[in-house]
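Welcome to this short tour. Please keep the sequence and the 3D view open as you read.

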Amino acid sequence: MSGARERAPEPSAPEHGGAIPIRVALPAHLRDLARVDGDVEVRVDGPPTASTVLDAVEAAFPALRGTVRDQVSGERRAYIRYFACGEDLSHERPDSPLPEPVREGREVFRILGAIAGG
């Protein structure tokens with residue numbers, strides 16, 4: 001016996017080569033463009049942030065490029081909002097970590113189209 005203890009795998013470590021699965025809810029018009037029904041799941045390499053999730057969504061569904069973020073600046077479009085765990089994450093820094101329940105797959109990262117008017 002060597003005395004060295006085997007290290008158990010981390011519970012949140014994904015089995016898919018390091019990519020973390022994130023569930024994303026898209027509004028109806030973006031589901032139509034992406035040709036999907038319901039929520040989608042994308043795999044994010046590195047820390048799950050709004051930016052890395054949107055990178056994965058755009059890679060998986062190229063028709064969505066430029067719909068959520070400006071293609072040149074990468075900035076969130078004015079009438080698009082991000083929500084998770086009942087919180088509006090739209091004004092958080094794009095590289096801020098997503099809430100733990102989203103990272104663990106218990107909650108969905110939601111992209112919504114805002115409505116303006118009076």
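## The overall layout

Read from the N terminus, the elements of the protein chain follow the pattern β-α-β-α-β-β-α-β. That gives 3 helices and 5 strands; helices (H or I, at least four residues) and strands (E, at least two) are DSSP runs, numbered from the N terminus. This is a predicted model, in which local features need pLDDT of at least 70, side-chain atom pairs count only at pLDDT 80 or more, and totals for chains, interfaces and linings use all residues. Residues are numbered from 1 along each chain as its sequence is written, and side-chain values use heavy atoms, with hydrogens and water left out.

Of the 118 residues in the protein chain, 31% are buried. Buried means under 20% relative accessible area, exposed over 50%, and partly exposed in between (1.4 Å probe, protein chains only). The accessible surface of the protein chain is about 7,900 Å², and carbon and sulfur atoms hold 49% of this surface; such areas come from the Shrake-Rupley method with a 1.4 Å probe, and for residues only the protein chains shown count as cover.

## The sheet

In which order do the strands of the open sheet lie? The order is β2-β1-β5-β3-β4, with mixed pairing; two strands pair if DSSP finds at least two bridges between them. β2 (40–44) and β4 stand at the edges with a single partner strand each, so one side of each has no neighbour in the sheet.

Strand β3 (residues 80–84) is a good place to look. The strand runs antiparallel to β5 (residues 109–113), joined by 4 bridges, and antiparallel to β4, joined by 2 bridges. Here are some residues of β3 with the residues across from them:

| Residue in β3 | Residue across |
|---|---|
| I80 | G113 in β5 |
| Y82 | I111 in β5 |
| A84 | E87 in β4 |

In a regular strand, side chains alternate between the two faces of the sheet. Along β3, I80, Y82 and A84 point to one face and are buried, whereas R81 and F83 point to the other and are not. The hairpin of β3 and β4 has 2 residues between the strands, and C85 there takes a positive phi near 55°.

## A helix over the sheet

Helix α2 (residues 50–60) lies across β1 (20–25), β2, β3 and β5, and runs at about 115° to β2. The angle is taken between N-to-C directions, from 0 to 180 degrees, with axes as lines fitted to C-alpha atoms, for helices over the stretch in contact. The buried residues of α2 are A50, V53, L54, A56, V57 and E58, and their cover includes β1, β2, β3 and β5.

## One aromatic pair

How many aromatic pairs does a search of the whole structure find? There is 1. The ring centres of Y82 and F109 are 5.6 Å apart and the planes are at 35°, so the pair is tilted. Rings of Phe, Tyr and Trp (its six-membered ring) pair if their centres lie within 6.5 Å; planes under 30 degrees apart count as stacked, over 60 as edge-to-face and the rest as tilted. Y82 in strand β3 and F109 in strand β5 are 27 residues apart, and the pair links distant parts of the chain. Y82 counts as buried at 6% relative accessibility, and F109 counts as buried at 0%.

## A proline in a loop

P97 is in the loop between β4 (87–88) and α3 (100–103). With a relative accessible area of 63%, P97 is exposed. Leaving aside residues up to four places away in sequence, P97 touches P48, T49 and R103, where contact means heavy atoms within 4.5 Å.
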